[in-house]
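Here's a short tour for anyone meeting this structure for the first time. Have a look at the picture, then read on.

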Amino acid sequence: MCPFSAAGESVYLFQQANLYFSIRVTPIHKKCCYGESQRSDRSQQDLLKSQLCLALRKLNDYLNDPLPEEIDANSTEELTVSRRKFLDNDELTLADCNLLPKLHIIKVVAKKYRNFEFPSEMTGIWRYLNNAYARDEFTNTCPADREIEFAYLDVAKRMK
């Protein structure tokens, strides 16, 4: 099992996104919801955005750090960036099935309603998402971007 606690860390990442977007999460995620942000002033939005970026950087760092099993003790080359496709290895695990849909929703909602994109230098996150998008299991079960945008439309309107 990966040391990056998918349950705990994906909840933390989702909390930061919820705060940033002032999204009231679905009942299954009620325990991780801080509720809607009542202040919409610029400093509050900037603070929430920086907290989301911090959570994304933490995930990106984990995805880029090689796991012990990736490092070959007999090799002369030093592996500085992980090449694995998912959290724990090159295969989807339950942890990935928990985190990837949330990460995808955050990516879509952030772009549409906050004009925020994951920074291109977050190579671990982009590798992770692109590997998920290449899998039929993910693309066939993930809602379309337009469905996600529509689902969060009411929240986005209230925030403007």
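## H3 against H4

At what angle do H3 and helix H4 pack, and how far apart are their axes? The angle is about 105 degrees, and the axes are 11 Å apart. Angles of 65 to 115 degrees count as roughly perpendicular, so H3 is roughly perpendicular to H4. Keep in mind that this is a predicted model. If you want to find H4 in the picture, look for residues 123–133; H3 covers residues 94–114.

Which residues do the touching here? On the H3 side, they are Asp 96, Leu 99, Leu 100, Leu 103, His 104 and Lys 107. Facing them from H4 are Ile 125, Trp 126, Tyr 128, Leu 129, Ala 132 and Tyr 133. Sorted by class, the contact of H3 with H4 has nine nonpolar residues, one polar residue and two charged ones.

## The chain as a whole

Let's step back for a moment. The protein chain has seven helices and zero strands, so reading from the N terminus gives a run of α-α-α-α-α-α-α. The chain has 160 residues, and 44% of them count as buried.

The accessible surface adds up to about 9,600 Å², with 52% of that belonging to carbon and sulfur atoms. There's also a good deal of contact between distant parts of the sequence: among contacts with a separation of 6 or more, 67% are between residues 24 or more positions apart.

## H2 meets two helices

Helix H2 spans residues 42–64, and H3 is one of its partners. The axes of H2 and H3 come within 13 Å and cross at roughly 145 degrees, and the crossing is left-handed. From H2, the residues in contact are Gln 45, Leu 52, Leu 56 and Leu 59. From H3, they are Leu 99, Leu 103, Ile 106 and Arg 114. That contact divides into six nonpolar residues, one polar and one charged.

H4 is another partner of H2. Here the axes come within 7 Å and cross at roughly 75 degrees, which makes H2 roughly perpendicular to H4. On the H2 side you'll find Leu 56, Leu 59, Asn 60, Leu 63 and Asn 64. They meet Thr 123, Gly 124, Ile 125, Arg 127 and Tyr 128 in H4. This time the classes come out as five nonpolar, four polar and one charged.

Some residues turn up in two of these contacts. Leu 56 and Leu 59 of H2 meet residues of H3 and also residues of H4. In H3, Leu 99 and Leu 103 take part in the contact with H2 and in the contact with H4. H4 has its own pair: Ile 125 and Tyr 128 are in the contact with H3 and in the one with H2.

## Two asparagines

Is Asn 131 buried or exposed? This residue sits in helix H4 and has a relative accessibility of 18%, so Asn 131 counts as buried. Leaving out residues up to four places away in sequence, Asn 131 touches Lys 85 and Phe 86. Phe 86 is 45 residues from Asn 131 along the chain, yet their C-alpha atoms are separated by 7.5 Å.

Asn 115 lies in the loop between H3 and H4. With 68% relative accessibility, Asn 115 counts as exposed. Its backbone is worth a look too: phi of Asn 115 is near 50 degrees, a positive value in a residue other than glycine.

## Toward the end of the chain

Now for H6 and H7. Helix H6 runs over residues 145–151 and holds Phe 150. Phe 150 has a relative accessible area of 63%, so Phe 150 is exposed. Its C-alpha atom is 9.7 Å from that of Val 109, a residue 41 positions away along the chain.

Helix H7 takes in residues 153–159, including Val 155. Val 155 is buried because its relative accessibility is 11%, and buried means under 20%. Between Val 155 and Tyr 113 there are 9.5 Å from C-alpha to C-alpha, although the two are 42 residues apart in sequence.

Notes:
Residues numbered from 1 in each chain as written. Predicted model: local features only at pLDDT ≥ 70, side-chain atom pairs only at ≥ 80, totals over all residues. Heavy atoms only, no water. Axes fitted to C-alpha atoms, helices over the stretch in contact; angles between N-to-C directions. Helix = DSSP H or I, 4+ residues; strand = E, 2+ residues; numbered from the N terminus. Left-handed = near helix turned anticlockwise from the far one by under 90°. Contact = heavy atoms within 4.5 Å. Nonpolar A, V, L, I, M, F, W, Y, C, P; charged D, E, K, R; others polar. Parallel < 35°, antiparallel > 145°, perpendicular 65-115°, else oblique. Buried < 20%, exposed > 50% of the residue type's maximum accessible area, 1.4 Å probe, protein only. Areas by Shrake-Rupley, 256 points an atom, 1.4 Å probe, with all protein chains shown as cover.
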